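Q: I have a structure open and would like to learn how to read it one feature at a time. Could you walk me through it?

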Amino acid sequence: MHSDLWVEEKFSDFLGLKFKVENVLFSGKSEFQTVDVVETKGHGKMLLNDGLIMVTERDEFAYHDMITHVPLFVHPEPKNVLVIGGGDGGTAREVLRHASVEKCTMVEIDAMVVDACRAHIPQTAKDLDHPKMNLIIGDGVEFVKNTLDKFDVIIVDSTDPIGPAQPLFGKEFYQDVYNCLADDGIVVSQGESSWYALDIQQSLLSVLNQVFTQSYLYSFSNLTYPGGLWSFTFATKKHHPINDFNQQRVIDSGLEFDYYNHQLHSAAFALPSFVKKGLKGLISNS
Ligand code: SAM
């Protein structure tokens with residue numbers, strides 16, 4: 001037990017977030033990033049990559065619910081799902097709850113993240129050995145370029161556009177994503193903060209607009225990302241995120257959630273005016 005230890009995410013050169021640490025559970029450096037798992041006071045266990053907060057036990061359900069259940073309840077019958085990144089396992093855990101899913105392929109570049117979460121954060125990593133899981137340690141950029149598989153939903157659960165994640169925000173990657181999506185496929189991506197990264201959202205959405213005919217942004221709130229309001233992009237070959245959403249499917253699924261629900265599904269696409277103005281012409285829900 002440490003007397004006065006804190007972890008501080010230095011989000012930018014003018015903003016930091018501090019969390020009281022009770023114990024350091026893992027600290028390592030892979031070829032891609034530093035990987036730390038700490039036991040915090042008040043937010044449970046926390047994973048950090050390169051000092052940036054990835055997940056905490058206390059609020060990870062918000063992110064993993066919204067990145068997963070919005071696309072999987074819009075697609076009429078998601079059977080084959082691909083997760084790019086997602087090393088903590090939380091997105092895969094939520095994907096595997098859908099009865100229609102026959103296979104969840106997860107391509108995570110850094111084995112150290114998977115191993116650290118398997119060892120110290122079973123809450124998110126618990127289904128990584130599920131019989132329907134196909135876990136690949138590799139670069140998502142290469143995977144989508146080379147796979148012959150077709151996916152109903154692709155979820156890009158990546159870190160911010162730095163280091164190995166940078167190409168995951170580029171046009172070549174999304175052209176390859178488009179090619180390995182089914183004819184009615186949907187891709188949802190970690191879409192950053194409208195408060196602090198509207199420029200990144202603008203560039204990601206302008207990439208998506210070059211590849212897809214429909215691109216949207218939806219948001220959710222969580223505790224441990226700066227500003228507390230975070231977003232996902234939703235690009236689709238066919239299904240509209242609200243018009244083609246049948247809320248009865250959520251009710252009939254019998255699934256219980258701690259963040260997602262069928263009312264919030266549609267409400268998440270209603271955006272603050274500063275976001276609509278900032279993304280005008282780049283999203284179909286502006
Ligand atoms: N929820 C977190 C967030 O919003 O930042 C992200 C969760 S997960 C920990 C992000 C993962 O993306 C990391 O484990 C990282 O190693 C992985 N990643 C980054 N670039 C990648 C790439 N090119 N291919 C596959 N995985 C990648």
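A: Gladly! Keep in mind that this is a predicted model. Let's start with glycine 51, which is partly exposed because its relative accessible area of 25% falls between the 20% limit for buried and the 50% limit for exposed.

Q: Where in the fold does glycine 51 lie?

A: Look for the loop that links strand S4 (45–49) with strand S5 (52–56); glycine 51 is there.

Q: Which residues does glycine 51 touch, leaving aside those up to four places away in sequence?

A: Contacts are counted between heavy atoms within 4.5 Å. By that test, glycine 51 touches Glu8, Glu9 and Thr34. For a sense of distance along the chain, try lysine 41: 10 residues separate it from glycine 51 in sequence, and their C-alpha atoms are 18 Å apart.

Q: Now the ligand, please. How many residues surround the ligand, and which are the closest?

A: There are 24 residues around the ligand, and the closest are Gln33, Glu108, Asp139, Gly140 and Tyr225.

Q: Which polar contacts should I look at?

A: Search for pairs of N or O atoms within 3.5 Å. In the side chain of aspartate 139, an N or O atom is 3.0 Å from a ligand nitrogen. Tyrosine 225 places a polar side-chain atom 2.9 Å from a nitrogen atom of the ligand. With proline 164 the backbone takes part: one of its N or O atoms there lies 3.0 Å from a ligand nitrogen.

Q: How much of the ligand's accessible area does the protein cover?

A: On its own the ligand has 590 Å² of accessible area, and the protein covers 99% of that. The space the ligand takes up is the largest cavity.

Note on methods. Residues numbered from 1 in each chain as written. Predicted model: local features only at pLDDT ≥ 70, side-chain atom pairs only at ≥ 80, totals over all residues. Heavy atoms only, no water. Helix = DSSP H or I, 4+ residues; strand = E, 2+ residues; numbered from the N terminus. Buried < 20%, exposed > 50% of the residue type's maximum accessible area, 1.4 Å probe, protein only. Near = heavy atom within 4 Å. Polar contact = N/O pair within 3.5 Å; in protein donor to acceptor, adjacent residues only side chain to side chain. Areas by Shrake-Rupley, 256 points an atom, 1.4 Å probe, with all protein chains shown as cover. 1 Å grid on protein atoms, 1.4 Å probe; cavity = no way out; pocket = protein on both sides within 12 Å on 5 of 7 lines; lining within 4 Å. Sits in = over half its atoms within 2 Å of the grid points.
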